[in-house]
Amino acid sequence: MSTSIQPLLAVQNLSIAFGERPAVDRISFSINEGETLGLVGESGSGKSATSLALLRLLPPSTRVTGYLGFAGEDLVALSERAMRRHRGRNMAMIFQEPMTALNPVMPIGAQIAEAVEAHHPSLSRREVRERVLESMHEVALPEPERRIRDYPHQFSGGQRQRILIAMAIVNRPRLLIADEPTTALDVTVQAQILALLNRLRRTHNLSMLFISHDLAVVSQVADRVAVMQHGNIVEQAPVSQLFHSPQHPYTKRLLASAPTMRTDRTQPLATLA
Ligand SMILES: Nc1ncnc2c1ncn2[C@@H]1O[C@H](COP(=O)(O)OP(=O)(O)OP(=O)(O)O)[C@@H](O)[C@H]1O
């Protein structure tokens, strides 16, 4: 267990420019070990660009400046080779659309296995299979032993998101970046996936960057929230503070448009993971 007082992720003055004007303009935030930061803002505010910059997945022509400290290393300065060791191992990402993120013609077990093998080439086939099954169990996919050879289309939308989460956590990352992970799902399934993410972060002391345009969704998982507008973070506060005394006019507007907020996490979610 690390006793370091440094945050796991420390972003300072991050700017991202695709052309002349910056899409993200000198933003700073940090995430501690075991903490979840919600990044909220309307479409085009720069949320996805920020998350892709963390994994260094933006097109090469993009100008990214600032300091992206992950476990004390500056990700902006890392070689591509060193970055590949982080991606999918120490930092993993889940996206909005499970169907486009999964390979439709490959059994799901083989896809999760690829994530293991990419970082642990010396494991035997049997060991890889054990890790795949364990990870499928952890995300509560039904009957892992029987379904490991099934294809993505044989699962429901919520189950496909669970498969992507299994793939993301199989290598025990320290940071999980979730970009609108429940937006494509209906409300009940959305609640189940949020409950699953909450359970995983507790059991593994996971740090999470949770991105959404929906403050009500963010309130169910985040400890703190950063509000983005036009490439800037306009407000940053612990979840309950943000809801009870929002400072920025844009945060107030976001709150007004999300009436079903649940800020009391002592109440269980309606649906368990
Ligand atoms: N690859 C790219 N090339 C050029 N411009 C881009 C690229 N990716 C994003 N942008 C621009 O950067 C700005 C921020 O986009 P980004 O996708 O980060 O917003 P967002 O807050 O995640 O919105 P959404 O929720 O719609 O994904 C937008 O103006 C977008 O058009």
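**Exercise 1. The six-stranded sheet**

In what order do the six strands of the open sheet lie?

Before solving this, note that the structure is a predicted model, in which local features need pLDDT of at least 70, side-chain atom pairs count only at pLDDT 80 or more, and totals for chains, interfaces and linings use all residues. Residues are numbered from 1 along each chain as its sequence is written.

*Solution.* Begin with the terms: helices (H or I, at least four residues) and strands (E, at least two) are DSSP runs, numbered from the N terminus, and two strands pair if DSSP finds at least two bridges between them. With these rules the order of the open sheet is E6-E7-E8-E3-E9-E10, and its pairing is mixed. Next, look for the strands that pair on one side only, which are the edge strands E6 (91-94) and E10 (232-238). From one strand to the next the twist averages 15°, where axes are lines fitted to C-alpha atoms (for helices over the stretch in contact) and angles run from 0 to 180 degrees between N-to-C directions.

**Exercise 2. From E9 to E10**

Describe how strand E9 is joined to E10, and then examine the loop between E9 and E10.

*Solution.* Strand E9 (residues 224-229) and E10 run antiparallel and are joined by six bridges. Within this pair, Arg224 stands opposite Pro238 in E10. The loop between the two strands contains His230, a residue other than glycine whose phi is nevertheless positive, near 45°. To judge its surroundings, use the rule that a residue is buried if 20 or more other C-beta atoms lie within 10 Å of its own, exposed if 12 or fewer, and partly exposed in between, with C-beta atoms placed from the backbone. His230 has 15 C-beta neighbours inside 10 Å and therefore counts as partly exposed.

**Exercise 3. The four-stranded sheet**

Work out the order of the open sheet of four strands, and explain why one side of each edge strand has no neighbour in the sheet.

*Solution.* The order is E2-E1-E4-E5, and the pairing is antiparallel. At the edges stand strand E2 (22-31) and E5, and because each has a single partner strand, one side of each is left without a neighbour in the sheet. Moving inward, strand E1 (residues 9-17) is joined to strand E4 (residues 63-70) by seven bridges, and in this pair Ser15 stands opposite Thr65. Strand E4 is in turn joined by two bridges to strand E5 (residues 73-74), again in an antiparallel way, with Gly69 standing opposite Asp74. The hairpin of E4 and E5 has two residues between the strands, and there Ala71 takes a positive phi near 50°, although Ala71 is not a glycine. Since Ala71 has 18 C-beta neighbours inside 10 Å, this residue counts as partly exposed.

**Exercise 4. The shell around the ligand**

Which helix gives the largest share of the shell around the ligand, and is that helix mostly covered or mostly uncovered?

*Solution.* A residue is near a molecule or strand if its C-beta atom, placed from the backbone, lies within 6 Å of it. Among the residues that surround the ligand are Phe18, Ser43, Lys47, Pro59 and His213. Helix H1 (residues 47-54) provides the largest share, three residues. Sorted by class, the shell has four nonpolar, seven polar and one charged residues, where Ala, Val, Leu, Ile, Met, Phe, Trp, Tyr, Cys and Pro count as nonpolar, Asp, Glu, Lys and Arg as charged, and the others, Gly among them, as polar. Helix H1 is mostly covered, with six of its eight residues buried, including Lys47, Thr50 and Leu54. After H1 comes Arg56, whose phi is positive, near 55°.

**Exercise 5. A buried glycine**

Explain why Gly88 counts as buried.

*Solution.* Locate Gly88 in the loop between helix H2 (80-86) and E6. Gly88 is buried because 20 other C-beta atoms lie within 10 Å.

**Exercise 6. The protein as a whole**

Explain why the radius of gyration agrees with that of a compact globule.

*Solution.* The radius of gyration is taken over C-alpha atoms, and the globule rule is 2.2 Å times the number of residues to the power 0.38. With 273 residues, a compact globule would have a radius near 19 Å, so the 18 Å of the protein agrees. The protein has 11 helices and 10 strands, and 39% of its 273 residues count as buried.
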